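Student: I should like a close look at one part of this model, namely its interior. Please describe which residues and elements meet there, and then what is found away from it.

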Amino acid sequence: MSNKHMLDGKRVLMVDDEPDVLESLEELLPMCELVKAHNFEEARKYIENEYLDIAILDIMGVDGYQLLNIANEKKVIAVMLTGHSLSVKDTVKSFKEGAAFYVPKEKMAEIAIYLNDVLVAKKENEGFLERWLDRFVGYYDAKFGQDWQDEDKAFWKRFRI
């Protein structure tokens, strides 16, 4: 199934304090019904009061981890999108706190593929992290060195790496 079909018509909240990031996401996700929030308060209101299939949350600038908690309470799938918080530590924190995916902004051009992965995993009752690992192990090896998962061995040993 193509990315377009899984994402077609999905209601996606995009949260970022950088207008150019929101514009880029808009261009990358034309098949979705998009809702934009520029700050924590706007995003909180959308998550708490409207139906959403997925929320794409920036970490810095909009208190993304607090929004992640609210999204989890409302059963909204959350995908973290970050530039400044790109680290193994924040990756682990995001997954431990319930994020479905963790996407570096420099890989944002492939956001439709990642959101599709999330929707397929949900539909097939599979874990999100396994799909994330399929996409990002090579990237993390190159960015952080091949021992990046040693930072939290107890977390990563549950998954094939």
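**The interior and its surroundings**

Tutor: Leaving aside neighbours within four places in sequence, Leu13 is in contact with Val35, Lys36, Ala37, Ala43, Tyr46, Ile47, Leu52, Ile54, Ala55 and Ile56. Please bear in mind throughout that this is a predicted model. Leu13 belongs to the largest nonpolar core, which has 62 residues. Together with Leu29, Ile56, Trp132, Tyr140 and Trp156, Leu13 is among the members that touch the most other members of that core. Ile56 therefore appears twice in this account: it is one of the contacts of Leu13, and it is also one of those six core residues.

Let us turn to strand S3, which covers residues 54-58 and includes Asp58. Is Asp58 buried or exposed? Its relative accessible area is 3%, and the limit for a buried residue is under 20%, so Asp58 is buried. Not counting residues up to four places away in sequence, Asp58 touches Val15, Asp16, Asp17, Gly64, Leu81, Thr82 and Lys105. With Lys105 there is also a polar contact between the side chains, at 3.5 Å.

The loop that follows, between S3 and H4, contains Asp63. Asp63 is not a glycine, yet its phi is positive, at about 55°. With a relative accessible area of 45%, Asp63 is partly exposed.

Next, consider how helices pack against one another. Two packed helices are described by the angle between their axes and by the distance between those axes. Helix H3 (residues 40-49) and helix H4 (residues 64-73) have axes 10 Å apart, and the angle between them is about 10°. H3 is therefore roughly parallel to H4, since an angle under 35 degrees counts as such. On the H3 side, the residues that meet H4 are Phe40, Ala43, Arg44, Ile47 and Glu48; on the H4 side they are Gln66, Leu67, Ile70 and Ala71. By class, this contact comprises 6 nonpolar, 1 polar and 2 charged residues. Ala43 and Ile47 link this contact to the start of our account: both meet H4, and both are also in contact with Leu13. The spacing of such residues along a helix has a general background. An α-helix has 3.6 residues a turn, so residues three or four places apart point the same way.

The loop between H3 and S3 holds Glu50. At 32% relative accessibility, Glu50 is partly exposed. Glu50 touches Arg11 and Lys45, when residues up to four places away in sequence are not counted. Arg11 is 39 residues from Glu50 in sequence, while their C-alpha atoms are 9.7 Å apart in space.

Helix H5 (residues 88-96) offers a second example of packing. Which of its residues are buried? They are Val88, Asp90, Thr91, Val92, Ser94 and Phe95. The elements that cover these buried residues include H4, strand S4 (77-82), strand S5 (101-104), helix H7 (128-144) and helix H8 (153-156). Just after H5, Gly98 takes a positive phi of about 105°.

The packing of H5 with H7 may be described in the manner used for H3 and H4. The axes of H5 and H7 come within 12 Å and cross at roughly 170°. H5 is therefore roughly antiparallel to H7, since that term applies to angles over 145 degrees. Val88, Thr91 and Phe95 in H5 meet Leu129, Trp132, Tyr140 and Phe144 in H7. This contact has 6 nonpolar residues, 1 polar residue and no charged residues. Trp132 and Tyr140, which meet H5 here, are among the core residues that touch the most other members.

Some residues in other places complete the picture. Helix H6 (residues 111-123) includes Lys123, which is exposed at 60% relative accessibility. From Lys123 to Phe40 the C-alpha distance is 29 Å, with their positions 83 residues apart in sequence. Asn125, in the loop between H6 and H7, is exposed, with a relative accessible area of 74%. The phi of Asn125 is near 55°, a positive value in a residue other than glycine. By contrast, Gln149, in the loop between H7 and H8, counts as buried at 16% relative accessibility. The C-alpha atoms of Gln149 and Ile54 are separated by 27 Å, and the two residues are 95 residues apart along the chain.

Note on methods: Residues numbered from 1 in each chain as written. Predicted model: local features only at pLDDT ≥ 70, side-chain atom pairs only at ≥ 80, totals over all residues. Heavy atoms only, no water. Core = buried A, V, L, I, M, F, W, Y, C linked by side-chain atoms within 4.5 Å. Buried < 20%, exposed > 50% of the residue type's maximum accessible area, 1.4 Å probe, protein only. Contact = heavy atoms within 4.5 Å. Helix = DSSP H or I, 4+ residues; strand = E, 2+ residues; numbered from the N terminus. Polar contact = N/O pair within 3.5 Å; in protein donor to acceptor, adjacent residues only side chain to side chain. Axes fitted to C-alpha atoms, helices over the stretch in contact; angles between N-to-C directions. Parallel < 35°, antiparallel > 145°, perpendicular 65-115°, else oblique. Nonpolar A, V, L, I, M, F, W, Y, C, P; charged D, E, K, R; others polar.
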